[in-house]
Amino acid sequence: MSELEEIVPFLSKTARLDLKAVALSVVLGLTGSVDGIKLLLQQEVILSNVLDLADDESEPIAKDAVLCFVNISAEEKGAQAIVDKLSSRLVPTAFRAILDDNSKLADPWCMVLCNISRPESLVETVVKELMAIEFSIEKLTTCFTRVNYNKHKGHLNYLGPLFSNISQCAVGREVFCNKTTGLLRRIFPFVHHEASIVRRGGAVGLLKNICFDSTVHEWLLSEEMDVLPFILLPLAGPEEFDDETNDKLPMELQYLGPDKKREEDPDIRKMLVESLAQLCATRKARVYLRERGTYEILRELHKYECSDLGDKSVLAAVENVVDILIRTEEEIGEDNLKALEIPDDVKSKIETLDNKAEL
C-alpha cells in the first residue's frame with residue numbers, strides 16, 4: 001500500500017477532525033506542484049473523497065478541499081481528470097455553493113468551474129452538466145449581475161470568465177442569445193466594469209465569442225441590443241472630434257471630455273477590436289459601423305497603439321478592421337466575408353506561412 005493510499009480512510013466526513021485535517025493538508029500540499037497533481041490523478045478514490053469533504057461541516061476542512069480542486073483544475077490534465085471522473089457531482093456542488101449567498105466558498109468554486117471549462121475539449125461536458133440543472137446559467141447570471149450578491153464579500157468575478165468559456169460552444173452561445181431571458185443584455189454593462197479586470201475581461205470574452213456567429217449580428221446591432229457603444233467606449237480616449245463626427249457617433253461616445261481613459265489592458269482592447277472584426281463579416285453591419293463613427297474611433301486608437309503606451313498585437317488587429325472599413329463595398333465585392341471559399345492552393349500557402357511563423 002502506498003503512502004497516499006494509507007491516508008484514504010482519514011479523508012472522510014466521519015473521520016476524526018485532527019486526522020482529517022492532517023490527511024487533507026497532505027493532499028493540498030501535493031496540489032502545489034505538477035508532479036504532485038500527476039500523482040493525485042492516479043488516485044480516483046482520493047479525489048472523490050476530497051469532493052465529499054468540500055461539504056464538510058468544518059469550514060477549514062471544506063475550504064482546503066475546494067482549494068485542492070482550484071489547484072488541480074488549473075492544470076489542463078487535472079481539469080481533464082476532474083471532468084472525466086467527477087463532473088456529474090462536482091458541477092452541481094459548485095453551483096449550489098455559488099448560488100448560496102451565505103457561502104464562504106463561492107469564489108473558489110467559481111474558479112474551479114472557470115478552470116474546467118477553459119479547454120475547448122471540456123467545455124461541452126461542463127455545459128451539459130450545467131444544463132442538467134434547471135435555469136442554472138440564468139441563475140448564475142443573476143449572481144453575477146448583483147455585485148454584492150454574496151453576504152461574505154465573495155465577489156464572484158470569475159463567473160465572467162466562466163461565461164466566456166461557456167460561449168465557446170454553440171449550446172452555450174444559444175443560452176446567452178436567448179431573446180426571452182435577455183441574459184446577454186444584462187451582462188453587457190460589465191464590459192466597462194472598472195472594479196475588476198477579471199469580471200471585465202470575462203464579459204468582453206463572452207461578447208467576442210458571440211460575435212463569431214454572423215447570424216446574430218443584425219440582432220446585436222439592433223436598437224434592442226445596441227452592442228456597438230459597449231465595444232467602442234472602452235476603445236475611445238480623450239480625443240476631440242468635430243461636430244460632424246460627433247453626430248455620427250453613438251450618443252454614449254459624443255463629447256467624452258479630456259478625462260476619458262481607454263481600456264488599459266491590451267488583451268481586453270484586442271478582444272474588443274476582434275469583436276468589431278467579426279461584425280465586419282456582413283455588408284449591412286459594415287455599413288452600420290461606418291455610419292456610426294467606428295473608423296474614426298479606430299483611427300485614434302491606431303495612433304495610441306503606435307505610441308509607447310500601445311501594443312503591437314492590438315495594433316495589428318486595429319489595422320485589420322480599418323483595412324475593411326476604408327474600402328468601398330464595391331471593392332470588397334462580397335456581402336458576407338465568412339461565406340468566401342478559400343481555394344485549396346491558397347489554403348496550403350497560408351498554412352506554410354503559419355508553419356514558418358511558428359519556427
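1. **How H2 and H4 lie against each other.** In this predicted model, H2 and H4 pack at an angle of about 125°. An angle between 115 and 145 degrees falls outside the parallel, antiparallel and perpendicular classes, so the pair counts as oblique. The two axes are 12 Å apart. H2 passes H4 in a left-handed crossing.

2. **Who meets whom at H2 and H4.** From H2 come Lys-20, Leu-24 and Val-27. They meet Ile-46, Val-50 and Leu-53 of H4. Those H4 residues are among the buried ones of that helix.

3. **The rest of H4.** H4 spans residues 44–53. Which of its residues are buried? They are Ile-46, Leu-47, Asn-49, Val-50, Leu-51 and Leu-53. The cover over them includes H1 (3–6), H2 (17–30), H3 (34–40) and H5 (59–74). H6 and H7 also contribute to that cover.

4. **Ser-103, between H6 and H7.** Ser-103 sits in the loop that links H6 (76–99) to H7 (106–117). Its relative accessibility is 11%, under the 20% limit, so Ser-103 counts as buried. A polar atom of the Ser-103 side chain lies 3.0 Å from the backbone nitrogen of Leu-105. Leaving aside residues up to four places away in sequence, Ser-103 touches Ala-97, Asn-150 and His-152.

5. **The loop between H9 and H10.** This loop joins H9 (136–145) to H10 (159–166). Lys-153 lies in it, and Leu-156 lies there too. Most residues other than glycine have a negative phi. Lys-153 has a positive phi of about 60° and is not a glycine. Leu-156, also not a glycine, has a positive phi near 60°.

6. **Burial in that loop.** Are Lys-153 and Leu-156 buried or exposed? Lys-153 has 79% relative accessibility, over the 50% limit, so Lys-153 counts as exposed. Leu-156 has 1% relative accessibility, under the 20% limit, so Leu-156 counts as buried.

7. **Arg-185 and its partners.** Arg-185 belongs to H12, residues 183–187. Its relative accessibility is 33%, between the 20% and 50% limits, so Arg-185 counts as partly exposed. Where does the Arg-185 side chain reach? It reaches the backbone oxygen of Met-225 at 3.3 Å. Arg-185 and Met-225 are 40 residues apart in sequence, yet 6.4 Å apart in space, C-alpha to C-alpha. Not counting residues up to four places away in sequence, Arg-185 touches Glu-224, Met-225 and Phe-230.

8. **H19 on its own.** H19 covers residues 294–306, 13 residues in total. From first C-alpha to last, H19 reaches 18 Å. That is close to the 18 Å expected at 1.5 Å a residue. The buried residues of H19 are Thr-294, Glu-296, Ile-297, Leu-298, Glu-300, Leu-301 and Glu-305.

9. **What covers H19.** The cover over its buried residues includes H15 (228–235), H16 (243–248) and H17 (266–279). H18 (283–291) and H20 (312–325) are also included.

10. **H15 against H19.** These helices pack at an angle of about 25°. That is under 35 degrees, so H15 and H19 are roughly parallel to each other. Their axes are 10 Å apart. The crossing is left-handed. H15 supplies Leu-228, Leu-232 and Leu-235. In H19, Thr-294, Ile-297, Leu-298 and Leu-301 meet them. These H19 residues are listed among the buried ones of the helix.

11. **The chain as a whole.** How many helices and strands does the chain have? The secondary structure comes to 22 helices and zero strands. The C-alpha atoms fill a box of roughly 75 × 50 × 45 Å, taken along the principal axes. Of the 359 residues, 50% are buried. Among contacts with a separation of 6 or more, 69% are between residues 24 or more positions apart. Arg-185 with Met-225 is one pair separated by 40 residues in sequence.

Notes
Residues are numbered from 1 along each chain as its sequence is written. This is a predicted model: local features need pLDDT of at least 70, side-chain atom pairs count only at pLDDT 80 or more; totals for chains, interfaces and linings use all residues. Side-chain values use heavy atoms; hydrogens and water are left out. Helices (H or I, at least four residues) and strands (E, at least two) are DSSP runs, numbered from the N terminus. Buried means under 20% relative accessible area, exposed over 50%, partly exposed in between (1.4 Å probe, protein chains only). A polar contact is a pair of N or O atoms within 3.5 Å; within protein, one must be able to donate a hydrogen and the other to accept it, and residues adjacent in sequence count only if both atoms are side-chain atoms. Contact means heavy atoms within 4.5 Å. The expected span of a helix is 1.5 Å times one less than its number of residues. Axes are lines fitted to C-alpha atoms, for helices over the stretch in contact, and angles run from 0 to 180 degrees between N-to-C directions. Angles under 35 degrees count as roughly parallel, over 145 as roughly antiparallel, 65 to 115 as roughly perpendicular and the rest as oblique. A crossing is left-handed if the near helix is turned anticlockwise from the far one by less than a right angle, and right-handed if clockwise.
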